[in-house]
Amino acid sequence: MILQSIAWKRSISTLPHLCERIKQTENEMVQMFQLPGPRNGVQNFPMNGKPPRKNLSVRILDERFIRILKIFKWGPDAEKALEVLKLKVDHRLVREVLKIDVEINVKIQFFNWAGKRRNFQHDSTTYMALIHCLDEAGLVGEMWKTVQEMVRSPCVITPVELSEIVKLLGRAKMVNKALSIFYQIKGRKCKPTASTYNSMILMLMQEGHYEKVHELYNEMCNEGNCFPDTVTYNALISSFAKLGRDDSAIRLFDEMMENGLQPTAKIYTTLIGIYFKLGKVGKALGLFHEMKVKGCIPTVFTYTELIKGLGKAGQVEDAYTMFMNMLKEGVKPDVVLINNLLNILGKAGRLDDAFKHFNEMKSWQCEPNVVTYNTLIKALFECKAPASEASLLFEKMKTQGIVPSSFTYSILIDGFCKTNRVEKALFLFEEMDEKGFPPCPAAYCSLINSLGKAKRYEAASELFQELKENCGCSSARVYAVMIKHYGKCGRLSDAMDLFNEMKKLGCNPDVYAYNALMCGMVRAGMIDDAYSLLRTMEENGCAPDLNSHNIILNGLARTGGPNRAIEVLAKMKNSRIKPDAVSYNTVLGCLSRAGMFEEAARLMKEMKEKGLEYDLITYSSILEAVGKIDEDHHNLTSL
């Protein structure tokens with residue numbers, strides 16, 4: 001037996017004289033495939049004395065046939081093996097052969113050979129067996145051909161098999177083909193069940209075809225015998241949420257409840273997220289309470305939506321309490337939840353809590369990722385922590401084997417720029433380039449702005465040109481920054497050229513670009529031009545913001561006289577954009593310089609009623625103007 005096993009393990013020789021096929025007689029072939037029997041030639045029959053009944057169609061494939069198939073592939077030898085072993089070619093045999101671990105081409109050849117046999121025709125089970133083999137081998141083209149052949153054949157296809165075909169085609173990103181096959185089979189071969197429709201809906205949802213999901217739902221409802229179940233509603237509610245059709249998602253949730261179906265944790269989580277997005281915090285929390293009352297256990301995804309939603313609503317303490325309650329209930333946080341929590345705590349200035357939970361992550365088997373570090377680095381800069389702490393965290397991130405992203409570098413560059421460490425920001429910018437990251441407009445924008453503030457206009461201009469060369473164009477925000485600094489340094493013609501260049505390149509100026517140019521015009525005393533640009537801005541569909549109006553007010557207050565400033569302020573009061581403390585203080589300064597103290601007093605009273613405060617500069621200028629008038633009056637009296 002040992003010698004026999006060694007012989008089987010021996011590798012096939014590659015020597016030319018041994019590679020030739022050994023000629024065998026039919027008797028030798030028969031002996032090769034004969035099953036071993038008792039040495040004395042006596043057959044062992046059961047106790048009743050009758051030989052066992054042979055079921056040739058379901059006989060287990062002989063190990064020697066499998067070996068021949070692996071060595072000689074599909075061909076005359078394998079055919080002979082089937083004949084010698086008296087294995088009947090039927091559906092069971094085809095399925096068994098397709099399970100053998102041999103090359104996919106062997107399986108295809110055998111499948112085609114079997115299909116040409118007399119008195120044999122492939123059914124849906126053999127087709128599905130080959131389709132699965134082709135899917136596993138990644139031969140999507142062959143798989144599609146086999147699916148088409150199956151549909152054309154007279155074999156019956158069950159709803160379960162139709163569902164499986166849809167899933168396989170969807171996984172192969174053949175969405176349109178899956179839809180085509182679904183309608184072909186639906187029209188001719190089988191009536192889809194709710195499960196079949198669910199397979200189609202889930203496939204469409206996974207591939208982002210959300211609109212088509214609703215169409216299929218309507219078809220399903222019109223079938224008469226197909227009723228939406230929890231899986232259907234889950235897919236539909238998720239699709240509508242992703243499409244931003246929140247009312248439809250809520251209506252479907254209510255419909256589901258009316259039909260007596262119990263929502264899953266995923267459905268509750270989706271609805272909670274929708275209510276937070278709509279600003280209905282009470283509704284979201286009410287749904288969470290209902291979920292717990294009905295015995296539907298919240299998942300980590302549910303708590304993520306709750307913590308994120310409460311944080312966005314400004315209810316930081318409630319978000320933190322929700323997190324602590326989650327831990328008490330034994331739900332382990334994942335990295336996405338922790339990242340959301342750290343973001344909320346960082347924005348609220350609660351750095352100690354943020355770093356406490358960051359250090360606890362490993363105890364929850366939750367590994368920090370690049371987003372975790374980005375969130376904390378950003379929080380350090382926003383909370384005005386020493387820039388060295390951000391640098392240390394950046395180094396720790398790298399020692400932990402986490403590769404910084406372009407966003408990591410952008411946060412650091414922006415942070416160092418805002419703390420007036422431009423050289424450090426430039427060093428990181430060079431490092432970012434060396435690491436092979438593509439040009440990042442956000443990083444360029446921060447650097448150009450900082451260089452402009454430092455009055456290093458040529459360096460800012462060079463960096464701006466570099467961005468255009470590397471990217472082929474630039475973002476509206478970077479253009480706005482450059483226009484602003486050209487305006488500040490008196491290069492208004494360059495600023496206007498850039499503004500026109502934006503439009504030529506198809507980069508529509510945004511509110512920041514318009515404001516930057518208007519600011520430059522006001523600085524140059526071109527008030528009428530700035531006012532004209534404000535009207536052009538509105539005509540081009542770019543809505544002015546409060547800063548736009550304050551820029552015009554500032555220009556009018558300087559050179560246009562108090563009456564025009566008061567007129568613009570009055571228009572602002574009656575418009576969608578209401579004046580703020582800056583607007584009022586700008587006009588107050590103008591009135592004080594013109595000696596219009598009664599009007600200034602009325603405006604100050606109005607500000608007080610609106611809860612706005614006049615700043616010290618304005619108040620000082622009013623007192624100075626009053627003192628000047630008193631002094632002039634005294635001098636005239638003396639004369």
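The following exercises, each with a worked solution, treat aromatic pairs, charges over rings and salt bridges in a predicted model.

Residues are numbered from 1 along each chain as its sequence is written, and side-chain values use heavy atoms, without hydrogens and water. Because the model is predicted, local features need pLDDT of at least 70 and side-chain atom pairs count only at pLDDT 80 or more, while totals for chains, interfaces and linings use all residues.

**Exercise 1. Classify the aromatic pair of Tyr409 and Phe437, and place both residues in the chain.**

Step 1. A pair of aromatic rings is described by the distance of the centres and the angle of the planes. Rings of Phe, Tyr and Trp (its six-membered ring) pair if their centres lie within 6.5 Å; planes under 30 degrees apart are stacked, over 60 edge-to-face, and the rest tilted. The structure holds 15 aromatic pairs.

Step 2. The ring centres of Tyr409 and Phe437 are 5.6 Å apart and their planes stand at 55 degrees, so this pair is tilted.

Step 3. Tyr409 belongs to helix α24 (residues 406–418), whereas Phe437 lies in the loop between α25 (422–434) and α26 (441–453); the two residues are 28 residues apart, and their pair links distant parts of the chain. Helices here are DSSP runs (H or I, at least four residues), numbered from the N terminus.

Step 4. Residues are buried under 20% relative accessible area, exposed over 50% and partly exposed in between (1.4 Å probe, protein chains only). Tyr409, at 1%, is therefore buried, and Phe437, at 22%, is partly exposed.

**Exercise 2. Determine the geometry of the pair formed by Phe429 and Tyr444, and state whether each residue is buried or exposed.**

Step 1. The centres of Phe429 and Tyr444 are 4.8 Å apart, with 80 degrees between the planes, and the pair is edge-to-face.

Step 2. Phe429 is in helix α25 and Tyr444 in helix α26, 15 residues apart, and this pair also links distant parts of the chain.

Step 3. Phe429 has a relative accessibility of 9% and so counts as buried; Tyr444, with 2%, is buried as well.

**Exercise 3. Identify which charged residues sit over the rings of Tyr512 and Tyr531.**

Step 1. A charge sits over a ring if NZ of Lys or CZ of Arg is within 6 Å of the ring centre and within 35 degrees of the ring normal.

Step 2. Over Tyr512 lies the charged end of Arg477, 3.8 Å from the ring centre. Over the face of Tyr531 lies Arg535, at 5.2 Å from the ring centre.

**Exercise 4. Describe the salt bridge between Glu96 and Lys99 and the network that contains both residues.**

Step 1. A salt bridge is a side-chain nitrogen of Lys or Arg within 4 Å of a carboxyl oxygen of Asp or Glu. The whole structure has 24 salt bridges.

Step 2. The closest N and O atoms of Glu96 and Lys99 are 3.4 Å apart. Both residues lie in helix α6 (residues 91–99), and because they are three residues apart, about one helical turn separates them.

Step 3. Glu96 is partly exposed at 26%, while Lys99 is exposed at 62%.

Step 4. Salt bridges link Arg92, Glu96 and Lys99 in a network.

**Exercise 5. Characterise the salt bridge of Lys212 with Glu215.**

Step 1. The closest N and O atoms of Lys212 and Glu215 are 3.0 Å apart.

Step 2. Helix α13 (residues 210–222) holds both residues, three residues apart, about one turn of the helix.

Step 3. Lys212 is partly exposed at 21%, and Glu215 is partly exposed at 42%.
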